[in-house]
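Trainee: I'm new to this one and would like a close look at a single part of it. Could you walk me through one pocket and the residues around it?

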Amino acid sequence: MKTELFTAALLLAAALPAFSDPQFDREIVNTSIGTVEITCVGHASLILSLAGKTKNVTTIHIDPWSAKADYSKLPKADLVLITHQHVDHLDTAAL
């Protein structure tokens, strides 16, 4: 049974896109104060981009985790929110 699970995990990993070229799910919500773009980086990691009526963009990273993305290639954060101290939520390498 363990061998079959390991083989299935390897096949799944081979079928996923390369980590160096991540494709993130995004949702855009229009609000009365501007546009909010929600990007799911993976696990609990999110990026909120808020474009207000003044066209200033605020970028908020929530629980950045370097196992899910190279944060040096993502938009710089104006604010970082950490939900708790586990390494997959409070990753000093991503910060």
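Mentor: His-61, Pro-64, Tyr-71, Ser-72, Pro-75, Lys-76, Ala-77, Val-80, Ala-94 and Leu-95 line the second largest pocket of this predicted model. Sort that lining by class and you get 7 nonpolar, 2 polar and 1 charged residues. The space inside comes to about 160 Å³. How can anyone put a figure on emptiness? Rolling a probe the size of a water molecule over the atoms shows where empty space is left.

Now pick out one of the lining residues, Ala-94. You'll find Ala-94 in the segment after strand S5, which covers 79–81. Is Ala-94 buried or exposed? Its relative accessibility is 14%, and because buried means under 20%, Ala-94 counts as buried. Setting aside neighbours within four places in sequence, Ala-94 is in contact with Pro-64, Trp-65, Ser-66 and Tyr-71. Two of those names should ring a bell: Pro-64 and Tyr-71 also belong to the pocket lining. As for Ser-66, it sits 28 residues from Ala-94 along the chain, yet their C-alpha atoms are separated by 4.9 Å.

Follow Pro-64, Trp-65 and Tyr-71 a bit further and you come to Ser-45, which touches these three along with Thr-39, Cys-40, Ile-62 and Asp-63, not counting residues up to four places away in sequence. Ser-45 is part of strand S3, residues 45–52. Its relative accessibility is 0%, so Ser-45 counts as buried too. What does the side chain of Ser-45 reach? One partner is the backbone nitrogen of Trp-65, at 3.4 Å. Another is the backbone oxygen of Asp-63, which lies 2.5 Å from a polar atom of that side chain.

Step back to the whole chain for some context. It has 1 helix and 5 strands, and from the N terminus on they run α-β-β-β-β-β. Of its 95 residues, 24% count as buried; Ser-45 and Ala-94 are among them. Among contacts with a separation of 6 or more, 23% join residues 24 or more positions apart. On the outside, the chain exposes about 6900 Å², with carbon and sulfur atoms supplying 62% of that area.

So, to retrace the route on your screen: start at the pocket lining with Ala-94, go from Ala-94 to Pro-64, Trp-65 and Tyr-71, and from there to Ser-45, which touches those three as well.

How values were computed:
Residues are numbered from 1 along each chain as its sequence is written. This is a predicted model: local features need pLDDT of at least 70, side-chain atom pairs count only at pLDDT 80 or more; totals for chains, interfaces and linings use all residues. Side-chain values use heavy atoms; hydrogens and water are left out. Helices (H or I, at least four residues) and strands (E, at least two) are DSSP runs, numbered from the N terminus. Buried means under 20% relative accessible area, exposed over 50%, partly exposed in between (1.4 Å probe, protein chains only). Contact means heavy atoms within 4.5 Å. Accessible areas come from the Shrake-Rupley method with a 1.4 Å probe; for residues, only the protein chains shown count as cover. On a 1 Å grid over the protein atoms alone, a cavity is a set of points where a 1.4 Å probe fits but cannot get out, and a pocket is an open set with protein on both sides within 12 Å along at least five of seven lines; lining residues have an atom within 4 Å of a point. Grid points are joined across faces, edges and corners, and a volume is the space filled by probe spheres set on the points. Ala, Val, Leu, Ile, Met, Phe, Trp, Tyr, Cys and Pro count as nonpolar, Asp, Glu, Lys and Arg as charged, and the others, Gly among them, as polar. A polar contact is a pair of N or O atoms within 3.5 Å; within protein, one must be able to donate a hydrogen and the other to accept it, and residues adjacent in sequence count only if both atoms are side-chain atoms.
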